[in-house]
Amino acid sequence: MHAQSHSSQQAFLISEEGLLIGQRIPLGKESIVIGRGAAGDADPSSLCDIVLPERQVSRQHAEIFVEAGRYYLRDLQSKNGTYLNGEPVRSVVELKDNDEIQIALLERFRFVGADATLPLSEVMPTSRLRLDRQSRGVWIAGTEIDPPLSPAQYRLLELLHEPEGRVCTRDEIVAAVWAYAEHEGVTEQAIDALVRRLRERLAEADPHGVYVVTVRGHGFRLDPTGGH
């Protein structure tokens, strides 16, 4: 069987490292600004299209824009730099298929052009983890976790799973896992213990996988590939 190919109708980024890992981000606008500026910031003019809430990322860090069907990258005078294929971006540079973009050497994206035709395995990381919300079953690489996760472990995994790749805060975990009346009594240690136990259960099915990732200062996110 031949590998299925993907012919993209528009260019997009694949997040390969960082807070958004695994996400496919369409470049559907003439200009896409990447940076720390988010809705609710004191300066609304710094709002970014791709928000990376990392201290090392500048409020408006880099821009990808399109002219005459070609995509270009430029650094917006960021403090910690923008890199293309390992080299610092010092002027406007044209993007080519499979180019690697790094933001402050923390966040890494792969650029896929609008006319690219690639095997799907090269475009998107392969998810090894699957949830069945009806039965509350969990599978890793086609093998169901048995015995099933506890209700608290499953609720945590479900929260991390949707939307995939998003960082979930500790407050969101408390609200999703514990009943409202118990919120005030939930300690940091209780959250850490739940995360540790979920990791242990997932490791029973895949000893080498890392599915629940700690994002220091922000919370936790899910890597459905297990780092494979």
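Good morning. I begin with helix H2, residues 151-161, and helix H3, residues 170-177, which pack with their axes 9 Å apart at an angle of about 130°. This comes from a predicted model, as does everything else I shall present. An angle of about 130° lies outside the range of 65 to 115 degrees for roughly perpendicular axes and is not over 145, the limit for roughly antiparallel ones; H2 and H3 are therefore oblique to each other. Their crossing is right-handed.

Which residues form this contact between H2 and H3? On the H2 side they are Ala152, Arg155, Leu156 and Leu159, and on the H3 side Glu172, Ile173, Ala176 and Val177. By class, six of these residues are nonpolar, two are charged and none is polar.

Let me turn to the packing of H2 with helix H4. Here the axes cross at roughly 90° and come within 10 Å. The two helices are therefore roughly perpendicular to each other. H2 contributes Ala152, Gln153, Leu156 and Leu157, which meet Leu194, Val195, Arg197, Leu198 and Arg201 of H4. This contact of H2 with H4 comprises six nonpolar residues, one polar residue and two charged residues. I would draw your attention to Ala152 and Leu156 of H2, which take part in the contact with H3 and also in the contact with H4.

One residue of H4 deserves a separate word. Arg201 is found in this helix, which spans residues 188-205. Is Arg201 buried or exposed? Its relative accessible area is 5%, and because the cut-off for buried is under 20%, Arg201 counts as buried. Its side chain reaches the backbone oxygen of Pro148 at 3.3 Å. Leaving aside residues up to four places away in sequence, Arg201 touches Ile145, Asp146, Pro147, Pro148, Leu149 and Gln153. Of these, Gln153 also appears on the H2 side of the contact with H4.

Finally, I move to a strand. Val66 is found in strand S6, residues 62-67. With a relative accessibility of 23%, Val66 counts as partly exposed, whereas Arg201 is buried. Which residues does Val66 touch, if those up to four places away in sequence are not counted? They are Lys29, Glu30 and Tyr71. As for Leu27, its C-alpha atom is separated from that of Val66 by 9.1 Å, and the two residues are 39 residues apart along the chain.

To close, I return to the helices: H2 is oblique to H3 and roughly perpendicular to H4. Thank you.

Conventions:
Residues numbered from 1 in each chain as written. Predicted model: local features only at pLDDT ≥ 70, side-chain atom pairs only at ≥ 80, totals over all residues. Heavy atoms only, no water. Helix = DSSP H or I, 4+ residues; strand = E, 2+ residues; numbered from the N terminus. Buried < 20%, exposed > 50% of the residue type's maximum accessible area, 1.4 Å probe, protein only. Polar contact = N/O pair within 3.5 Å; in protein donor to acceptor, adjacent residues only side chain to side chain. Contact = heavy atoms within 4.5 Å. Axes fitted to C-alpha atoms, helices over the stretch in contact; angles between N-to-C directions. Parallel < 35°, antiparallel > 145°, perpendicular 65-115°, else oblique. Left-handed = near helix turned anticlockwise from the far one by under 90°. Nonpolar A, V, L, I, M, F, W, Y, C, P; charged D, E, K, R; others polar.
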